[in-house]
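Here are my notes on the model, in the order I would go through them with you. Have the structure open as you read.

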Amino acid sequence: MKRAIPVVVLSIAGLVPIWRYEPSIGGSTSTTEAASTPSASASSSGSGSSSGTVVKGTTVTTEKGPVQVQVTFQGDRITAVKMLQQPNHPQTTAAVPKLIAETLEAQSADIDTVSGATITTEGYKESLQAAIDANAEAAAASPSPSASASTASAAQTVDGSAVNTEKGTVQVQVTFEGEKISAVKMLQQPNHPQTTAAVPKLIAETLEAQSADIDTVSGATITSDGYKESLQAAIDAKG
């Protein structure tokens with residue numbers, strides 16, 4: 001049975017950031033960088049070829065609370081996803097990094113539902129798809145030369161070195177768009193629960209930092225060190 005939560009508790013909870021992706025906490029709170037909007041197309045904005053095009057998805061009302069994403073595109077490629085609104089719930093907090101990592105790998109809203117966070121996942125995918133559709137419509141209406149040039153230039157994929165650790169071998173494959181890291185894929189990793197949980201966080205931090213200078217994931221220090229070593233090798237190999 002749902003319990004009514006006093007407004008004052010929601011207000012306090014809304015001030016406490018719970019994740020490095022800067023999600024908003026509480027049902028109707030949004031980040032200071034972007035307010036809630038009724039449509040994806042109305043909230044899209046181009047910010048130049050260097051930083052990409054930022055598009056806000058629709059605000060999806062769910063049983064747990066509103067869900068809204070903000071997506072950054074380079075041409076038609078998704079390079080970053082940020083939560084503007086999300087339910088204040090532990091399952092949601094745990095699900096968000098997995099959803100973002102899957103989105104960056106799939107490059108679409110066709111991603112798996114996170115177990116234990118079905119409602120949030122469905123809201124996330126709906127808001128994400130709205131942002132993707134809005135970006136596609138904007139590109140079709142006024143295709144820019146920079147976007148065409150970006151699409152024309154082939155991506156470069158580089159395999160990092162295979163790093164042997166106490167837990168097993170770690171190896172990454174990095175995709176570059178020019179100098180930008182646009183995707184990271186695990187070629188080898190230890191078959192361990194901590195590693196499975198750590199990988200999406202490591203990839204998301206890499207895409208944000210655009211380097212191997214990222215934090216070690218608590219509980220997965222060995223895997224994190226191996227990941228960073230393999231990642232740096234791929235970056236160095238690209239030149």
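1. Let me start with helix α3, residues 118–141, in what is a predicted model. The helix has 24 residues, and its first and last C-alpha atoms lie 35 Å apart. That is close to the 34 Å expected at 1.5 Å a residue.

2. Which residues of α3 are buried? Towards the start of the list come Thr120, Thr121, Gly123, Tyr124, Lys125, Ser127 and Leu128, and the others are Ala130, Ala131, Ile132, Ala134 and Asn135. Their packing partners are the strands β2 (53–56), β3 (60–61), β4 (66–74) and β5 (77–85), together with helix α2 (90–106).

3. Ala131 is a good residue to click on within helix α3. Its relative accessible area is 0%, so Ala131 is buried. Its C-alpha lies 7.5 Å from that of Gln70, although the two residues are 61 apart in sequence.

4. A second pair with a sequence separation of 61 residues is Gly75 and Ala136, whose C-alpha atoms are 9.0 Å apart. Gly75 sits in the loop that joins β4 to β5. Is Gly75 buried or partly exposed? Its relative accessibility is 27%, and because the buried class stops under 20%, Gly75 counts as partly exposed.

5. Now for the way α2 and α3 meet. Their axes come within 10 Å and cross at roughly 40 degrees, which makes α2 oblique to α3. The crossing is right-handed. On the α2 side the contact is made by Thr92, Leu99, Ile100 and Thr103, and on the α3 side by Thr120, Thr121, Tyr124 and Leu128. Sorted by class, these residues of the α2 and α3 contact are four nonpolar, four polar and no charged. Thr120, Thr121, Tyr124 and Leu128 also appear among the buried residues of α3.

6. The loop between α2 and α3 holds Gln107, and its backbone deserves a look. Most residues other than glycine have a negative phi. Gln107 has a positive phi, near 60 degrees, and is not a glycine. With a relative accessible area of 23%, Gln107 is partly exposed.

7. Please turn next to α5 (residues 193–209) and α6 (residues 221–238), whose axes come within 10 Å and cross at roughly 40 degrees. The two helices are therefore oblique to each other, and α5 passes α6 in a right-handed crossing. Which residues meet there? From α5 they are Thr195, Leu202, Ile203 and Thr206, and from α6 they are Thr223, Ser224, Tyr227 and Leu231. The contact of α5 with α6 comprises four nonpolar residues, four polar residues and no charged ones.

8. The loop between α5 and α6 contains Gln210. Here too phi is positive in a residue other than glycine, with a value near 60 degrees for Gln210. Gln210 has a relative accessible area of 27% and is partly exposed.

9. Back to α6 for its length and packing. The helix has 18 residues, which should span 26 Å at 1.5 Å a residue, and its end C-alpha atoms are indeed 26 Å apart. Its buried residues are Thr223, Ser224, Gly226, Tyr227, Lys228, Ser230, Leu231, Ala234 and Lys238. These pack against β6 (156–159), β7 (163–164), β8 (169–177), β9 (180–188) and α5. Two lysines, Lys228 and Lys238, are included in that buried list. Just after the helix, Gly239 takes a positive phi of about 85 degrees.

10. Finally, the overall picture. The protein has six helices and nine strands. Of its 239 residues, 43% are buried. Among contacts with a separation of 6 or more, 47% join residues 24 or more positions apart.

Terms used: Residues are numbered from 1 along each chain as its sequence is written. This is a predicted model: local features need pLDDT of at least 70, side-chain atom pairs count only at pLDDT 80 or more; totals for chains, interfaces and linings use all residues. Side-chain values use heavy atoms; hydrogens and water are left out. Axes are lines fitted to C-alpha atoms, for helices over the stretch in contact, and angles run from 0 to 180 degrees between N-to-C directions. Helices (H or I, at least four residues) and strands (E, at least two) are DSSP runs, numbered from the N terminus. Angles under 35 degrees count as roughly parallel, over 145 as roughly antiparallel, 65 to 115 as roughly perpendicular and the rest as oblique. A crossing is left-handed if the near helix is turned anticlockwise from the far one by less than a right angle, and right-handed if clockwise. Contact means heavy atoms within 4.5 Å. Ala, Val, Leu, Ile, Met, Phe, Trp, Tyr, Cys and Pro count as nonpolar, Asp, Glu, Lys and Arg as charged, and the others, Gly among them, as polar. The expected span of a helix is 1.5 Å times one less than its number of residues. Buried means under 20% relative accessible area, exposed over 50%, partly exposed in between (1.4 Å probe, protein chains only).
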